[in-house]
Amino acid sequence: MSTFKAPKGTYDLIPPDSATYLAVREAIAAPLRNSGYGYIETPGFESVELFARGVGESTDIVTKEMYAFETKGGDRLALRPEGTASVLRAALEANLHKAGNLPVKLWYSGSYYRYERPQKGRYRHFSQVGAEAIGAEDPALDAELIILGDQAYRSLGLRNFRILLNSLGDKECRPVYRTALQDFLRGLSLDEDTLRRAEINPLRVLDDKRGDVQKQLVGAPLLRDYLCDACKAYHEEVRELITAAGVSFEDDPKLVRGLDYYTRTTFEFVHDGLGSQSAVGGGGRYDGLSEMIGGPALPSVGWALGVDRTVLALEAEGVSLELPASTSVFAVPLGDEARRMLFGVVTELRKVGVAADFSYGGKGLKGAMKNANRSGARYTVVAGERDLADGVVQLKDMESGEQVAVGVNEIVAELEARLS
Ligand code: ATP
Ligand code: MG
């Protein structure tokens, strides 16, 4: 151990577990790649102001969780706490929305940072894969994203997750509801902080996780009963499209989510094996966000799925992914000359696309075979002085234990054939 440890609320991804993380990222991205989403990568930090405007001044993310700092040059920056504001900023900056083919569909994968109270499933550095469909108001687009998220989780073998769905209305009907909710909240016995929140952003009070607050919210007015006709029709269409796709969901009239920019469709993927950190992913429509960050009107929808919690969900369900062994062939040289020859064989194998590794450090046969076993390789190639003299190597099938001598000049072709 060194003097240093990973900072509080963070952890390292190390082999062999790290392979599962990579596979989860891939599995979430695969349905997106297959559905017209292009890959985007944005900086790990942005102007503080982008998040203040884009995520919302009154949200926990902006008021409590952001790693904000001032650079030597005097810029106010923050490590990105989420992806949507950055992706929209980048799309606007590159004028992607002007190319004439809306919606602009993008996916991303990366690290996000929030100064939170660390606990299982809640970290200060975590990883998300996300998707944004920018510039179209079409219930099929909302449905597409929900269906693709469902497909991603199913492809991983997850079963015990649920999709919660709600509509937050639009700039017509939400203000009316907001006022009604505020009137209701003012009549409750809430602490000062919560009362202040009720004045600034009353919908977020519905998201309060404390039991005594939830108890008082039982009779709260529901947005569902305030939706205007356009929002109602839109939501009904989303529900029908998802249902027709065979994806099950639950209507959750209290689902609001922690970011300010959502309008109409909002949804969350929750997993029942994760205790209080049950949300594995979430998203929704954010028709006003572009204008909030100084862009044109661009109705959009997106989601972000948490990689860390998805891995925990796999553990909770006891699902282990079938990961291909990272090494197919392991070479064991006995002596200097054999080392030179087998190193050449390994290089050749790698060139033709066979995953191969080598016993380094001049180990004896016993130690080297232990490494070969641990590597998970299907075949081991061993060569000693006598083999060299005969112009052969010993090819061992690690599954059957069978061993045959193969000519040095044939070994690469032989392994290629056996592994194809
Ligand atoms: P929560 O209610 O659990 O705080 P959130 O609403 O803040 O979640 P989002 O901003 O919607 O989460 O982020 C989408 C996903 O990213 C979450 O569903 C979760 O899987 C993951 N995520 C968010 N914050 C963290 C964190 N601190 N540690 C690990 N994963 C996180
Ligand atoms: Mg949060």
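1. Ligand 1 is a good place to start in this predicted model. Its surroundings comprise 16 residues, and the closest are Arg114, Glu116, Arg122, Tyr123 and Arg257.

2. Three polar contacts help to place the ligand. The side chain of Arg114 has an N or O atom 2.8 Å from an oxygen atom of ligand 1. Tyr123 takes part through its backbone, with an N or O atom 2.8 Å from a nitrogen atom of the ligand. Gly281 also uses a polar backbone atom, which is 3.1 Å from an oxygen atom of ligand 1. On its own the ligand would expose 590 Å², of which the protein buries 91%.

3. Now to the strands around the ligand. Those giving two or more residues to its shell are S6 (125-134), S10 (279-285) and S11 (300-306). S10 provides the largest share, with 3 residues.

4. Two arginines are worth a look for their ring partners. The charged end of Arg80 sits over the ring of Tyr112, 4.5 Å from the ring centre. Likewise, Arg124 has its charged end over the ring of Tyr115, at 4.0 Å from the centre.

5. Across the whole structure there are 12 aromatic pairs. One of them joins Tyr153 and Phe161, with the centres 5.3 Å apart and 50° between the planes, a tilted arrangement. Tyr153 counts as buried because its relative accessibility is 0%, and Phe161 counts as buried because its value is 7%; the cut-off is under 20%. Both belong to one aromatic cluster with Phe267 and Phe269.

6. Finally, the overall layout: the protein chain is divided into domain 1 (17-173 + 227-317) and domain 2 (329-419). Their C-alpha centres lie 48 Å apart.

Conventions: Residues numbered from 1 in each chain as written. Chains lettered and ligands numbered in written order. Predicted model: local features only at pLDDT ≥ 70, side-chain atom pairs only at ≥ 80, totals over all residues. Heavy atoms only, no water. Phe/Tyr/Trp six-rings, centres within 6.5 Å; stacked < 30°, edge-to-face > 60°. Buried < 20%, exposed > 50% of the residue type's maximum accessible area, 1.4 Å probe, protein only. Lys NZ or Arg CZ within 6 Å of the ring centre and 35° of its normal. Domains from an automatic or database assignment. Near = heavy atom within 4 Å. Polar contact = N/O pair within 3.5 Å; in protein donor to acceptor, adjacent residues only side chain to side chain. Areas by Shrake-Rupley, 256 points an atom, 1.4 Å probe, with all protein chains shown as cover. Helix = DSSP H or I, 4+ residues; strand = E, 2+ residues; numbered from the N terminus.
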